[in-house]
Amino acid sequence: MGETAVVDTAMSAAVLCAGAAAWVIGGPHSGARRARLLFAGGGAVGTGPPVPWRWAEALRRLCGRTRAEWWAPVAGLVLAVLGSSVLPVLAGAAGVPLLRRARLAREARRARERRGDAVIALCGALAGEVRAGRQPGEALLRAARDTGGLADAQAAVLAAARFGGEVPGALSAAARQPGAGGLLGLAACWRVAVDHGAGLAAGLDRLEAALRAERDQRAEVRAQLAGARATAAMLAALPALGILLGAALGADPLHVLLHTGAGLGCLLVGAVLEAVGLWWVLRIVRGAEGAA
């Protein structure tokens, strides 16, 4: 028994020594490097990622390039095959314009937010350039190039600033873009500074502070309304959850909903109530955001 313990101890020590030698020779991250070579197709370890990884990468790229609304007819086609009915395909096709409208509204909101942030950055950069001793026209040229706060109307405003044109008028025209309303305040500050000799930098500082406070208030309201938006998302997911629960219990909810009179009636009433509920919740959210 004692000899067995000695042999086991010696073997363990040999294994540990071999492992330590391999670690010293290959480095502490040799395993990670080997894995990267294996899945990246570099070196002589392998020729590339395995087939499942390639399919997963292709699916990820497809999902990234496909618009969200086009997944509605795909889901409708899957449900049509499972339920042996054409109604899910029609419902999926009807959902495409609604989802596209929601996506475009979300993208427009993000564009407004980005444009508003650029205007705030423009005010801060312009105030810094004026304090550095540059003339207002030159300061506006440099600040606009650095921040991009004038967006699509940048050429007209820069031309007015470079050639002595009506800069406040150009800024007021640029303020018509969604999210660029702060340019109206910049135009007012410019007009007061040029016509009455007031300090442009001080006015820009106050304008920047006001725009930042307004942006922070919108962000706070959006955070407070996150619960209502989560309620709307949960309300939208409840029918699918009910169908999955029924299928898990051994029932055939798709057959009942799509091939029986009572099921079709329940499907129609449920769709109407679902749409009304979502519309009501989103109306409350938009009303709260508009009031803020």
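These numbered points pick out a few places to look at in this predicted model.

1. **Surface patch.** Start at the surface. W71, V74, V78, L79 and L82 form a nonpolar patch there. Together they have about 440 Å² of accessible area. One of them, V74, belongs to helix α4, residues 71-83. V74 counts as partly exposed because its relative accessible area is 38%, while the range for that class lies between 20% and 50%.

2. **The loop after α4.** Next, look at S84. This residue sits in the loop between α4 and α5, and α5 covers 87-131. Its phi is near 55°. That is a positive value in a residue other than glycine. S84 is exposed, since its relative accessible area is 57% and the cut-off for exposed is over 50%.

3. **Helix α10.** This helix covers residues 200-224, 25 residues in total. From its first C-alpha to its last it reaches 36 Å. That is close to the 36 Å expected at 1.5 Å a residue. Its buried residues are L200, A201, G203, L204, L207, E208, L211 and V221.

4. **A buried glutamate.** E208 deserves its own look. It lies in helix α10. E208 is classed as buried because its relative accessible area is 16%, and buried means under 20%. What does E208 touch, leaving aside residues up to four places away in sequence? Its contacts are I120, C123 and G124.

5. **Helix α9 and L183.** L183 is placed in helix α9, residues 182-196. Is L183 buried or exposed? L183 counts as buried, because its relative accessibility is 0%. Now find L122. L183 and L122 are 61 residues apart along the chain. Their C-alpha atoms are separated by 9.4 Å.

6. **Cysteines.** A disulfide is a covalent bond between the sulfur atoms of two cysteines. How many disulfides does the model have? The count comes to zero. Take C189 as an example. The nearest cysteine sulfur to C189 is that of C123, 7.5 Å away. A disulfide needs the two sulfur atoms within 2.5 Å, so this pair does not count. C123 has already appeared above, as a contact of E208.

7. **Cysteine exposure.** C189 and C266 fall into separate classes. C189 counts as buried because its relative accessibility is 19%, and the limit is under 20%. C266 is exposed, with a relative accessible area of 53%; exposed means over 50%.

Definitions and conventions: Residues numbered from 1 in each chain as written. Predicted model: local features only at pLDDT ≥ 70, side-chain atom pairs only at ≥ 80, totals over all residues. Heavy atoms only, no water. Patch = residues over 30% accessible without salt bridge, like charges linked within 9 Å, V, L, I, M, F, W, Y side chains within 5 Å. Areas by Shrake-Rupley, 256 points an atom, 1.4 Å probe, with all protein chains shown as cover. Salt bridge = Lys/Arg side-chain N within 4 Å of Asp/Glu carboxyl O. Helix = DSSP H or I, 4+ residues; strand = E, 2+ residues; numbered from the N terminus. Buried < 20%, exposed > 50% of the residue type's maximum accessible area, 1.4 Å probe, protein only. Expected span 1.5 Å × (residues − 1). Contact = heavy atoms within 4.5 Å.
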